[in-house]
Amino acid sequence: MAGKMTGENPTISAAGTRALPSLAPASAPSRLVSLDAYRGFVMLLMASEGLNIPRVARDFKDSASWQFLAYQTSHAPWRGCAMWDLIQPSFMFMVGVAMPYSLASRQAKGARFGELLRHALVRSLVLVLLGVFLRSVGKSQTYFTFEDVLSQIGFGYPFLFLLAWTRPRTQALAAVAILVVTWAAFALYPLPPAGFDTATVGVPADWPYRLEGFARHWDKNTNLAHAFDVWFLNLLPHKSRFVFNAGGYLTLNFVPSLATMIFGMLAGGLLRGTRETRKTFRVLMLVGVAGVGLGWLLDIAGICPSVKRIWTPSWAIFSTGWTCLLLGSFYALIDLHRWRRAAFPLVVVGMNSIAMYGLAHLIPQFILGTFRTHIGNNVFALAGPFAPVAEAATVLVVLWLMVFWMYRRKIFLRI
């Protein structure tokens with residue numbers, strides 16, 4: 001999926017040390033505007049909280065349109081996919097896409113491998129800790145879980161960095177191997193004994209999303225990665241013993257999601273390593289369709305259910321297909337057809353994604369409280385049944401204005 005890398009074999013410099021391989025043609029663009037726009041689009045989706053549409057939809061239970069919108073702005077309960085489920089895969093995929101650009105930029109500034117490796121390790125640690133910090137807001141003590149997107153990226157980032165110095169074929173084989181091994185590990189893990197009370201792991205007996213047959217190996221809170229969390233998370237301080245994650249999310253999701261990041265890195269290599277822009281677009285779209293189709297087939301064939309919450313291999317393939325289609329669409333509109341002015345509001349956010357992510361997790365209630373204090377407690381009630389939408393839209397506009405202020409003053413948070 002990636003273009004051919006130039007200068008893959010390290011050379012010996014005049015000082016007698018091994019020089020870093022060139023990661024891309026020197027003539028390639030230094031920044032991909034469509035990637036910034038795609039990142040900004042996904043960040044705005046995340047920060048919008050779905051405009052609180054699921055809350056509004058409760059008052060319109062007989063409306064098929066509202067129920068459809070509510071489903072798309074919520075996470076699928078287990079198997080399946082809603083639009084909201086594509087936010088995290090997009091984050092993971094874009095980290096991979098950006099990797100060839102980031103390393104080539106640092107290499108051009110004279111960075112050596114040791115320096116780059118240290119940066120990758122520090123970035124990994126900061127991402128994990130930032131994830132823990134944000135998930136602990138409002139808790140009585142540090143909340144040590146690692147299923148959030150920042151921690152997941154942090155765990156996989158050092159491996160992604162090391163793979164960045166290998167050939168695209170090696171990267172692709174590594175991604176496939178990760179998915180195959182993950183599938184086999186879950187498939188070989190024993191099912192719970194007959195009569196096991198799943199309510200003890202947060203799954204009521206009447207929960208309607210249970211999997212059947214072979215797919216039970218990927219059922220909620222009775223799988224391999226859940227068993228790992230029961231051991232691992234209880235090594236860390238908790239208010240009470242960890243028994244299960246209510247949503248079924250798992251620390252070991254970072255292993256198959258590493259494959260998602262690798263697929264993104266292959267796409268980044270393709271985008272950075274070729275000048276045949278329309279051919280690049282076609283490749284992204286074809287790979288996208290193939291990924292969606294293959295992931296869907298693995299699911300309906302009973303080989304591996306597509307479950308985002310535990311990042312099953314079929315989900316990794318299916319969601320990568322969608323991320324390729326989304327990236328290809330942004331690439332066509334912005335980099336091929338030059339719709340850059342229209343994309344500006346997205347680029348503003350995409351270039352400061354860490355700032356937007358942090359703000360969206362820390363200050364929405366402060367923003368709403370400030371409006372109520374200075375304008376009136378009933379300010380949002382004026383919107384009637386659509387008050388939740390007005391609240392979410394207000395927060396989103398204020399967050400965008402804050403990031404725009406940072407953009408105008410060239411303040412960009414980087415890790």
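Is Arg-135 buried, partly exposed or exposed, and what is its relative accessibility? Arg-135 counts as partly exposed, because its relative accessibility is 29%. The close-ups below come from a predicted model, and Arg-135 comes back in one of them.

**Figure 1. Phe-60 and Phe-386 stack on each other.** The centres of these two rings sit 6.0 Å apart, with just 10° between the planes. The partners come from distant parts of the chain, 326 residues apart. Phe-60 belongs to the loop that runs between helix H2 (53–57) and helix H3 (64–72), while Phe-386 belongs to the loop between helix H14 (364–375) and helix H15 (387–408). Phe-60 is partly exposed at 26% relative accessibility, and Phe-386 is also partly exposed, at 35%. Across the whole structure, the search turns up 28 aromatic pairs.

**Figure 2. Phe-214 and Trp-218 meet edge-to-face.** Here the ring centres are 5.4 Å apart and the planes cross at 75°, which is why the pair is called edge-to-face. Have a look at how the two partners are covered: Trp-218 is buried at 0% relative accessibility, whereas Phe-214 is partly exposed, with 37% of relative accessible area.

**Figure 3. Six aromatic residues gather in one cluster.** The members are Phe-146, Phe-155, Phe-228, Trp-231, Phe-232 and Phe-254.

**Figure 4. Lys-139 puts its charge over an aromatic ring.** The ring belongs to Tyr-143, and the charged end of Lys-139 is 4.9 Å from the centre of that ring.

**Figure 5. Arg-79 and Asp-299 form a salt bridge.** The N to O distance in this pair is 2.8 Å. Arg-79 sits in the loop between H3 and helix H4 (87–108), and Asp-299 sits in helix H10 (residues 277–300), so this bridge ties together parts of the chain that are 220 residues apart in sequence. Asp-299 is the buried partner, with a relative accessible area of 12%; Arg-79 is partly exposed, at 39%. The structure has 6 salt bridges by count.

**Figure 6. Glu-147 and Arg-135 pair up through their side chains.** This is the salt bridge with our opening residue, and its N to O distance is 2.4 Å. Glu-147 comes from the loop between helix H5 (113–136) and helix H6 (149–163) and Arg-135 from helix H5, so the parts tied together are 12 residues apart in sequence. Glu-147 is buried at 9% relative accessibility, while Arg-135, at 29%, is partly exposed.

**Figure 7. Asp-335 bridges to Arg-340.** The closest N and O atoms of this salt bridge are 3.2 Å apart. Asp-335 is buried, with 11% relative accessibility, and Arg-340 is partly exposed, with 36%. Elsewhere, Arg-55, Arg-372 and Glu-391 are joined into one network by salt bridges that share partners.

**Figure 8. Cys-304 and Cys-324 are too far from other cysteines to bond.** How many disulfides does the count give? The count is 0. For Cys-304, the closest cysteine sulfur is that of Cys-81, 15 Å away, which is too far for a bond. Cys-81 also holds the closest cysteine sulfur to Cys-324, at 14 Å, again too far. Cys-304 is buried at 2% relative accessibility, and Cys-324 is buried with a relative accessible area of 0%.

**Figure 9. Leu-327 is one of the best-connected members of the largest nonpolar core.** That core has 86 residues, and Leu-160, Leu-327 and Leu-399 touch the most other members. Helix H11 (residues 313–336) supplies the largest share, 12 residues. Leaving out residues up to four places away in sequence, Leu-327 touches Leu-35, Tyr-38, Phe-93, Val-97, Ala-267, Leu-271 and Leu-284. Another core, of 14 residues, lies apart from this one; among its members are Val-201, Val-203, Trp-207 and Val-307.

**Figure 10. Thr-394 touches two phenylalanines.** Thr-394 lies in helix H15 and is buried, with a relative accessible area of 18%. Its contacts, not counting residues up to four places away in sequence, are Phe-371 and Phe-380.

Definitions and conventions:
Residues are numbered from 1 along each chain as its sequence is written. This is a predicted model: local features need pLDDT of at least 70, side-chain atom pairs count only at pLDDT 80 or more; totals for chains, interfaces and linings use all residues. Side-chain values use heavy atoms; hydrogens and water are left out. Rings of Phe, Tyr and Trp (its six-membered ring) pair if their centres lie within 6.5 Å; planes under 30 degrees apart count as stacked, over 60 as edge-to-face and the rest as tilted. Helices (H or I, at least four residues) and strands (E, at least two) are DSSP runs, numbered from the N terminus. Buried means under 20% relative accessible area, exposed over 50%, partly exposed in between (1.4 Å probe, protein chains only). A charge sits over a ring if NZ of Lys or CZ of Arg is within 6 Å of the ring centre and within 35 degrees of the ring normal. Contact means heavy atoms within 4.5 Å. A disulfide is a pair of cysteine sulfur atoms within 2.5 Å. A salt bridge is a side-chain nitrogen of Lys or Arg within 4 Å of a carboxyl oxygen of Asp or Glu. A nonpolar core is a set of buried Ala, Val, Leu, Ile, Met, Phe, Trp, Tyr and Cys residues joined through side-chain atoms within 4.5 Å.
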